[in-house]
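Subject: Handing over the structure, with notes on what was found

Dear colleague,

Please find the structure below, together with its sequence. I would suggest keeping it open beside this message while you read the notes that follow.

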Amino acid sequence: AKQADGNALRFFDPQMLAEVEQRFDLEQAMSKALTEDQFMLFYQPQITDSGQVIGVEALIRWQHPERGMISPAYFIPLAEESEQIEAIGGWVLQQACQQLQNWQTKSLFSALSVSVNISVRQFYQPDFIDLLAGLLQQYQVNPALLTLELTESLVLTDLDDAVHRMQQLKALGLRFAMDDFGTGYSSLSYLSRLPFDEVKIDQHFVRQSSDGKKTRDWAIVDAIIGIANTFDMALVAEGVETEAQRELLYNSGCFCFQGYLFARPQPVAEFEAWLSSRDLN
Ligand code: C2E
Ligand code: CA
Ligand code: CA
Ligand code: CA
């Protein structure tokens, strides 16, 4: 009734309430999406300079019955704020392992590696190592064909803990790729402390050189390539859309590419058809 109402109003800001409700709905919707099979994995190939497809990155898609395809760039960050990411991330790993098992018996696909994006929260979940050990066992997966993509934000919490966890997972035979490197806040020197097998050159750097010319930022790419070579890590450049970009990367010493120039992420049947028809040519 009195002056206090002005302050009280802020607590019941309808806009804020709407946001809270929307987030709650989204969390509900994500858990429903799991039980009702609305998530799918798309696969995008990684190709060497000689044209050989050596692996795929698995990318999640949400086929919502009313809202259509929802981008992971939208729902993964929200899932990461809740425990949902553990359930979704677990589903992704299970699907990837099942796919690896399925490809084991198909000659054209049996040597393909599958890269899976792992969120920080998922990486630090207490039963993560047991979960992976269980999946490798259940689907009889060659662990060397499963690559876990981690972002540098995982070291911001505790570098020693990250190293320890990675070593435990490496003991299972799994590979690690550093995703989006050079875009965050960690220093290049972290790479020397973390047991990565592969570094991915972020599309942010690749995009800036659409005409194939070296931008100022390219010095960072050169540094990343130099470090990867020093530590004997494989390199994959992502977001390669033009021949000029591919050439610039090649001339800089990166010989493995992922991007629309070769193929978009596709459902497994389309990817299999794409690789099969490519093999005939
Ligand atoms: P990311 O890991 O950096 O994945 C690469 C993104 O670049 C993908 O976006 C891919 O579709 C897109 N891309 C590939 N080639 C090109 C290209 O030539 N040009 C352009 N402009 N884009 C290209 P997407 O699929 O929308 O995924 C966005 C992000 O969502 C991923 O970025 C990753 O951080 C996250 N994400 C996707 N799937 C998963 C998942 O299963 N788990 C987790 N935790 N995160 C995921
Ligand atoms: Ca919650
Ligand atoms: Ca990735
Ligand atoms: Ca990336």
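To begin with a question of location, in which loop does Gln-140 lie? Gln-140 belongs to the loop between helix H6 (128-138) and strand E5, and with a relative accessible area of 55% the residue counts as exposed. Its backbone deserves a look, since Gln-140 has a positive phi of about 50° although it is not a glycine. Asp-37, which is not a glycine either, has a positive phi of about 65°. Asp-37 sits in the loop between helix H2 (14-35) and strand E1, and it is exposed, with a relative accessible area of 62%.

Before going further, please keep in mind that this is a predicted model, and that the values below are computed from it.

The chain as a whole

The chain is built with 13 helices and nine strands. It has 281 residues, of which 46% count as buried. Among the contacts between residues at least 6 apart in sequence, 68% join residues that are at least 24 apart. The chain exposes about 14500 Å², and carbon and sulfur atoms supply 51% of that area.

The two calcium ions

Which residues hold the calcium ion that is ligand 3? Its protein donors are Glu-57 (OE), Asn-117 (OD1), Glu-149 (OE) and Asp-179 (OD), and they lie 2.2 to 2.3 Å from the ion. Along the sequence, these donor residues follow the spacing E-x59-N-x31-E-x29-D. Two of them show how distant parts of the chain are linked here, for Asn-117 is in strand E4 (residues 113-117) and Asp-179 is in strand E6 (residues 175-181), 62 residues apart. Asn-117 is partly exposed, with a relative accessible area of 32%, whereas Asp-179 is buried, with a value of 6%.

The calcium ion that is ligand 4 has as its protein donors Asp-179 (OD), Asp-180 (OD) and, listed twice with an OE atom, Glu-238, at 2.2 to 2.6 Å from the ion. The spacing of these donors along the chain is D-D-x57-E. Asp-179 lies in strand E6, while Glu-238 lies in the loop between strand E8 (234-237) and helix H12 (243-252), so this pair ties together parts of the chain that are 59 residues apart in sequence. Glu-238 is buried, with a relative accessible area of 7%.

You will have noticed that Asp-179 appears among the donors of ligand 3 and again among those of ligand 4. Asp-179 bridges the two calcium ions, which lie 4.0 Å apart.

The largest pocket

How many residues line the largest pocket? The lining is made up of 37 residues, and those that lie nearest the centre of the pocket are Glu-57, Leu-59, Pro-72, Asn-117 and Asp-179. Three of these names, Glu-57, Asn-117 and Asp-179, are also protein donors of the calcium ion (ligand 3). The pocket has a volume of about 950 Å³. Several elements each supply at least two residues of the lining, including strand E1 (39-48), strand E2 (53-64), helix H3 (72-81), helix H4 (84-104) and strand E5 (146-151).

Cysteines and a neighbouring threonine

Turning to the cysteines, the count of disulfides comes to zero. Cys-254 is in no disulfide, and the nearest cysteine sulfur, which is that of Cys-256, is 6.9 Å away; a pair would have to be within 2.5 Å to qualify. Cys-254 counts as buried, at 0% relative accessibility, and Cys-97 is buried as well, with a relative accessible area of 0%.

Cys-256 also appears in the surroundings of Thr-48, a residue that touches Ile-54, Phe-255, Cys-256 and Phe-257 when residues up to four places away in sequence are not counted. Thr-48 is found in strand E1. Is Thr-48 buried or exposed? At 16% relative accessibility, Thr-48 counts as buried, because the word is used for residues under 20%.

With kind regards

Technical notes. Residues numbered from 1 in each chain as written. Chains lettered and ligands numbered in written order. Predicted model: local features only at pLDDT ≥ 70, side-chain atom pairs only at ≥ 80, totals over all residues. Heavy atoms only, no water. Donors = N, O, S within 2.8 Å, 3.2 Å for Na, K, Ca; no water. Helix = DSSP H or I, 4+ residues; strand = E, 2+ residues; numbered from the N terminus. Buried < 20%, exposed > 50% of the residue type's maximum accessible area, 1.4 Å probe, protein only. Contact = heavy atoms within 4.5 Å. Areas by Shrake-Rupley, 256 points an atom, 1.4 Å probe, with all protein chains shown as cover. 1 Å grid on protein atoms, 1.4 Å probe; cavity = no way out; pocket = protein on both sides within 12 Å on 5 of 7 lines; lining within 4 Å. Points joined across faces, edges and corners; volume = space filled by probe spheres on them.
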